[in-house]
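Here is a short briefing on one protein fold. Have the sequence and the 3D view open as you read.

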Amino acid sequence: MRTFYLFKINKEFCNLTKNCPLNLFKSLEEIYYTDKTNVDMAYNIFEQIIEPFKDNILNKNLFLYYQENINYTKFNNVHMINDFYSDEQSKLIINKSFMLLKTNVTNPDFLKRLVNEKNIFVCDFMNKDYFWLESILV
């Protein structure tokens, strides 16, 4: 099971790190692994890097897109795909500051659907994996 964190990066940081995403990943990783003594500083840095999601719009758009799919369920801001034919089990939780995607496949359907969103940076901190969501189109 892989766990991806999706962040909407503000335009300034996006322009600075578009060609060298390692720096952005390392910054977010530092925030992710920060200890309790530095949580205020980490939160301030996090607020400067990210831009909040319009969670109500994302929830609505995802629901409208998947509502006819029998493998899809939704409860509040939690979207799930349990597709036994493709053997995909994915759970997407949408928050204002980030999205959390837990999945058992390498290219989950939710990422394909969110690929048109701008400035989304995807991190898997456990596997040291990161990429711009727009780059999976290539």
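The points below cover the sheet, then two helices.

This is a predicted model. Its sheet is open and has 7 strands. Helix α4 has a buried side and an opposite face with exposed residues.

**The sheet**
- The strand order is β2-β3-β4-β5-β1-β6-β7, and the pairing is antiparallel.
- β2 and β7 (129-132) form the edges; each has a single partner strand, so one side of each lacks a neighbour in the sheet.
- From one strand to the next, the twist averages 15°.
- β2 and β3 are joined by 4 bridges in the antiparallel sense.
- Lysine 74 sits opposite histidine 79 of β3.

**Helix α4**
- Helix α4 covers residues 55-66, which makes 12 residues.
- At 1.5 Å a residue, α4 should span 16 Å; its end C-alpha atoms lie 16 Å apart, so the two values agree.
- Asp55, Leu58, Asn59, Leu62 and Tyr66 are the buried residues of α4.
- These residues cover an arc of only 100° around the axis, so they lie on the same side of α4.
- An α-helix has 3.6 residues a turn, so residues three or four places apart point the same way.
- Asn56 and Lys60 are exposed, on the face of α4 turned away from its buried side.
- The cover over the buried residues of α4 includes strands β2 (72-75), β3 (78-83), β4 (88-94) and β5 (99-103), and also helix α5 (109-114).

**Helix α2**
- Helix α2 (residues 21-32) lies across β1 (2-8), β6 (120-124) and β7.
- Helix α2 runs at about 60° to β6.

Key. Residues numbered from 1 in each chain as written. Predicted model: local features only at pLDDT ≥ 70, side-chain atom pairs only at ≥ 80, totals over all residues. Heavy atoms only, no water. Helix = DSSP H or I, 4+ residues; strand = E, 2+ residues; numbered from the N terminus. Expected span 1.5 Å × (residues − 1). Buried < 20%, exposed > 50% of the residue type's maximum accessible area, 1.4 Å probe, protein only. Arc of directions from axis to C-beta. Contact = heavy atoms within 4.5 Å. Pairing = 2+ DSSP bridges. Axes fitted to C-alpha atoms, helices over the stretch in contact; angles between N-to-C directions.
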